[in-house]
Amino acid sequence: MQSKAEEAYEIIKRKIIMLEMRPTSDISEEALIQELNISRTPIREAIQRLAKDRFVIIYPRKGTIVSDVSLDLINCVYEVRLLNEPYMARQTVGQTTDEWIWKMKREFQSFRPESYDVMKYIDLDYKLHRELTSYSNNMFLNSLFAVVNDHNHRIRVMTSTRNRDYSCSIREHLTILEAIGKRDPDAVEQAVRAHILTSKREAYDFNFNITIHE
């Protein structure tokens with residue numbers, strides 16, 4: 001059964017990821033206690049854990065704010081992803097079922113340029129990348145990517161406020177799924193790496209108007 005601190009952590013984190021709690025905004029313990037109907041101790045435990053995971057910043061004797069989606073954050077997230085996710089994704093070749101691959105391909109193909117449901121697409125993106133990093137036997141990588149995937153989800157939500165064209169992203173996800181379907185680990189690794197680099201460029205471009213070449 002989920003503890004009250006765990007419940008508070010998940011709810012507050014979701015609000016931060018979905019921009020209901022904006023970057024650099026103040027966090028009020030009193031407001032959270034009233035809104036979530038959870039007592040002070042679990043709220044404080046949740047905030048301490050969110051600080052450890054870099055979703056909030058605690059200033060002793062001053063207050064707590066939501067962490068910013070900064071260039072440093074984006075650099076850290078994409079550095080970790082580039083160094084680990086292509087390798088981790090190779091493990092999907094021997095683990096995923098044909099049924100899962102077919103289902104995911106159908107979901108990506110269902111999106112049309114004239115009628116994107118942005119949040120639905122971002123959730124699907126998160127679902128795929130969580131799967132790509134879920135088969136590692138390395139307990140440290142698994143723990144790390146539970147947090148990295150959440151930060152990446154937040155970056156995607158932030159980018160989506162300016163980017164409305166997901167045609168390239170859809171093609172890249174389908175390429176990843178095709179490679180998994182062919183049970184070709186080298187092709188999976190290459191496709192995932194290419195997609196991460198595209199996502200990084202978009203994060204720079206749409207959030208900071210910076211063009212990078214990698």
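Here is a short chat between a biologist and a modeller about the structure above.

Biologist: Before we start, what kind of model is this, and how are residues numbered?

Modeller: It's a predicted model, where local features need pLDDT of at least 70, side-chain atom pairs count only at pLDDT 80 or more, and totals for chains, interfaces and linings use all residues. Side-chain values use heavy atoms, with hydrogens and water left out, and residues are numbered from 1 along each chain as its sequence is written.

Biologist: Okay, the sheet: what is the order of its three strands?

Modeller: Helices (H or I, at least four residues) and strands (E, at least two) are DSSP runs, numbered from the N terminus. Two strands pair if DSSP finds at least two bridges between them. β2 and strand β3 (residues 63-66) pair in the antiparallel sense over four bridges. β1 and β2 stand at the edges of this open sheet, each with a single partner strand, so one side of each has no neighbour in the sheet, and the order is β1-β3-β2.

Biologist: Which residue in the turn between β2 and β3 has a positive phi?

Modeller: Those two strands form a hairpin with three residues between them. On the strands themselves, I58 stands opposite T64, and V56 has V66 as its bridge partner. In the turn, phi is positive, about 65 degrees, at R61.

Biologist: Is M21 buried or exposed?

Modeller: M21 sits in the loop between α1 (4-17) and β1 (26-27). Taking contact as heavy atoms within 4.5 Å, and not counting residues up to four places away in sequence, M21 touches I12, K15, I16, I27 and V66. Buried means under 20% relative accessible area, exposed over 50%, and partly exposed in between (1.4 Å probe, protein chains only). M21 comes in at 12% relative accessibility, so it counts as buried.

Biologist: How far apart in space are M21 and V66?

Modeller: In sequence they're 45 residues apart. V66 is also on the list of residues that M21 touches. From C-alpha to C-alpha, the distance is 7.2 Å.

Biologist: What phi does N37 have?

Modeller: Most residues other than glycine have a negative phi. N37 is in the loop between α2 (29-36) and α3 (40-52), and it counts as exposed because its relative accessibility is 68%. N37 is not a glycine, yet its phi is positive, about 55 degrees.

Biologist: And what about R54, what is its phi near?

Modeller: R54 is in the loop between α3 and β2 (56-59). R54 is exposed, with a relative accessible area of 61%. Phi is again positive in a residue other than glycine, near 70 degrees.

Biologist: Which helix gives the largest share of the lining of the largest pocket?

Modeller: On a 1 Å grid over the protein atoms alone, a pocket is an open set of points with protein on both sides within 12 Å along at least five of seven lines, a cavity is a set where a 1.4 Å probe fits but cannot get out, and lining residues have an atom within 4 Å of a point. About 280 Å³ of space lies in the largest pocket, with grid points joined across faces, edges and corners and the volume being the space filled by probe spheres set on the points. The lining includes R54, C76 and H151. α4 (71-89) and α7 each supply at least two lining residues, but the largest share, five residues, comes from α7.

Biologist: How many residues of the largest cavity's lining come from α7?

Modeller: The count is one cavity of 30 Å³ or more, and the largest has a volume of about 30 Å³. Its lining is D125, Y126, H129, N149, N152, H153 and R156. Both α6 and α7 supply at least two of the lining residues. The largest share comes from α7, and that number is four.

Biologist: Last one: what span should helix α8 have at 1.5 Å a residue?

Modeller: S169, I170 and L174 are among its buried residues, and the cover over the buried ones includes α5 (98-109), α6 (118-132), α7 (139-160) and α9 (185-208). The expected span of a helix is 1.5 Å times one less than its number of residues. α8 has 15 residues (167-181), and its end C-alpha atoms are 21 Å apart, which agrees with the expected span of 21 Å.
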